[in-house]
Amino acid sequence: ASGFRTRCIVIMPDKASIAYFATLFGVTAATLYLVPPVEQEACKELSFSTFFSGSSNLKGMAKEFLECGEAYKADNPVSAIVLYSVLYTAFLAASVPGCTTMLSVLSGALWHPAISILLITINSSTGGLCAYYLSHLMLRETVTKRFPSLFTKLRKSIESFGSNIWFAMIFLRVTPLVPNWFVSLGAPMVDMPPHVFFFGGMIGFIPSGIFHCLNGRALKQLVDSQGVDPKKAFLTLFGLQFIVLLPLWLCGKRSADKLAAEIRDKKD
């Protein structure tokens with residue numbers, strides 16, 4: 001009734017898509033090669049194994065990452081932003097769970113809130129777009145066959161907004177109804193235009209960006225042994241998510257009611 005199509009459309013010609021992805025990979029590799037290496041004293045005992053180890057001493061691990069990040073940023077302020085952005089985008093493009101959350105919190109501890117939120121939203125959208133094209137190029141059948149329930153949930157979520165695809169994209173990024181990694185992988189298969197996916201997603205990432213920034217600042221206070229009220233931080237997140245979600249929910253409800261009315265009229 002809604003005219004929704006589940007087939008995969010060709011968003012870009014294959015050669016152009018491959019050239020785009022190859023260029024992105026080349027820029028990433030060149031950036032990692034050109035930025036100054038991480039050789040600060042505070043970073044010598046830090047490694048990627050620490051990042052994935054799940055240590056029980058969370059405060060100690062957070063302190064190590066924070067001290068390393070502050071030391072590298074002090075010596076290389078511009079390169080720190082570039083390196084952070086490349087790592088953030090690469091983790092999202094590969095749909096590695098959990099890593100970007102820690103990086104988002106770390107940005108709040110390292111940079112001014114405005115810069116931190118800007119880095120989180122832009123890198124989240126850029127990494128999501130990389131996963132979008134990766135899915136479009138190589139994972140079309142895998143996404144729909146291996147995750148049928150998530151694909152159905154994604155399709156129905158977008159259908160509920162009718163023609164308001166901008167609100168649908170923002171809603172998907174704000175709410176946890178469909179995991180963000182699957183939104184990125186499944187979007188090409190539900191006719192989501194790339195520009196709506198990127199800019200709508202960027203708007204939708206703002207609430208979580210603010211939350212992670214606040215958590216990062218709280219983490220810095222905790223590491224510095226300053227007073228921090230975890231209840232206040234939690235209530236701030238809780239209220240913020242509801243404030244942002246409310247207008248989107250109302251818009252989605254109105255679209256769903258309109259769609260249901262159109263279906264009833266056609267049956268009559």
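Gly200 touches Trp166, Met169, Ile170 and His195, leaving aside residues up to four places away in sequence. This glycine lies in helix α11 of a predicted model. Its partner Ile170 is 30 residues away in sequence, yet the C-alpha atoms of Gly200 and Ile170 are 5.2 Å apart in space. Gly200 has a relative accessible area of 0% and is therefore buried, since the limit for that class is under 20%.

**The crossing of α9 and α11**

Two packed helices are described by the angle between their axes and the distance between the axes. Helix α9 comprises residues 165–174 and helix α11 residues 194–204; their axes come within 8 Å and cross at roughly 50°. The two helices are therefore oblique to each other, and the crossing in which α9 passes α11 is right-handed.

On the α9 side, the contact is made by Ile165, Trp166, Met169, Ile170, Arg173 and Val174. Helix α11 contributes His195, Val196, Phe197, Phe199, Gly200, Gly201, Ile203 and Gly204. Sorted by class, this contact has 9 nonpolar, 4 polar and 1 charged residues. Trp166, Met169 and Ile170 of α9, which take part in this contact, are also among the residues that Gly200 touches.

**The loop before α11**

Asp191 is found in the loop between α10, residues 180–186, and α11. The backbone of Asp191 has a positive phi of about 60°, although this residue is not a glycine.

**The protein as a whole**

The protein has 13 helices and 0 strands, and every element from the N terminus on is accordingly an α in the order of elements. Of the 268 residues in the protein, 40% are buried. Among contacts with a separation of 6 or more, 81% are accounted for by residues 24 or more positions apart.

**Annotated spans**

An unreviewed UniProt entry lists residues 81–103, 115–139, 160–183, 195–214 and 234–250 under "transmembrane region". Two of these spans are described below.

| Span | Helix content | Strand content | Distance between end C-alpha atoms |
|---|---|---|---|
| Residues 115–139 | 96% helix | 0% strand | 34 Å |
| Residues 160–183 | 58% helix | 0% strand | 16 Å |

The span of residues 160–183 in the UniProt list takes in α9, residues 165–174. Gly200, a residue of α11, falls in the listed span of residues 195–214.

Terms used. Residues are numbered from 1 along each chain as its sequence is written. This is a predicted model: local features need pLDDT of at least 70, side-chain atom pairs count only at pLDDT 80 or more; totals for chains, interfaces and linings use all residues. Side-chain values use heavy atoms; hydrogens and water are left out. Axes are lines fitted to C-alpha atoms, for helices over the stretch in contact, and angles run from 0 to 180 degrees between N-to-C directions. Helices (H or I, at least four residues) and strands (E, at least two) are DSSP runs, numbered from the N terminus. Angles under 35 degrees count as roughly parallel, over 145 as roughly antiparallel, 65 to 115 as roughly perpendicular and the rest as oblique. A crossing is left-handed if the near helix is turned anticlockwise from the far one by less than a right angle, and right-handed if clockwise. Contact means heavy atoms within 4.5 Å. Ala, Val, Leu, Ile, Met, Phe, Trp, Tyr, Cys and Pro count as nonpolar, Asp, Glu, Lys and Arg as charged, and the others, Gly among them, as polar. UniProt positions are given in the numbering used here, feature names are shortened, and annotations may be inferred rather than shown by experiment. Buried means under 20% relative accessible area, exposed over 50%, partly exposed in between (1.4 Å probe, protein chains only).
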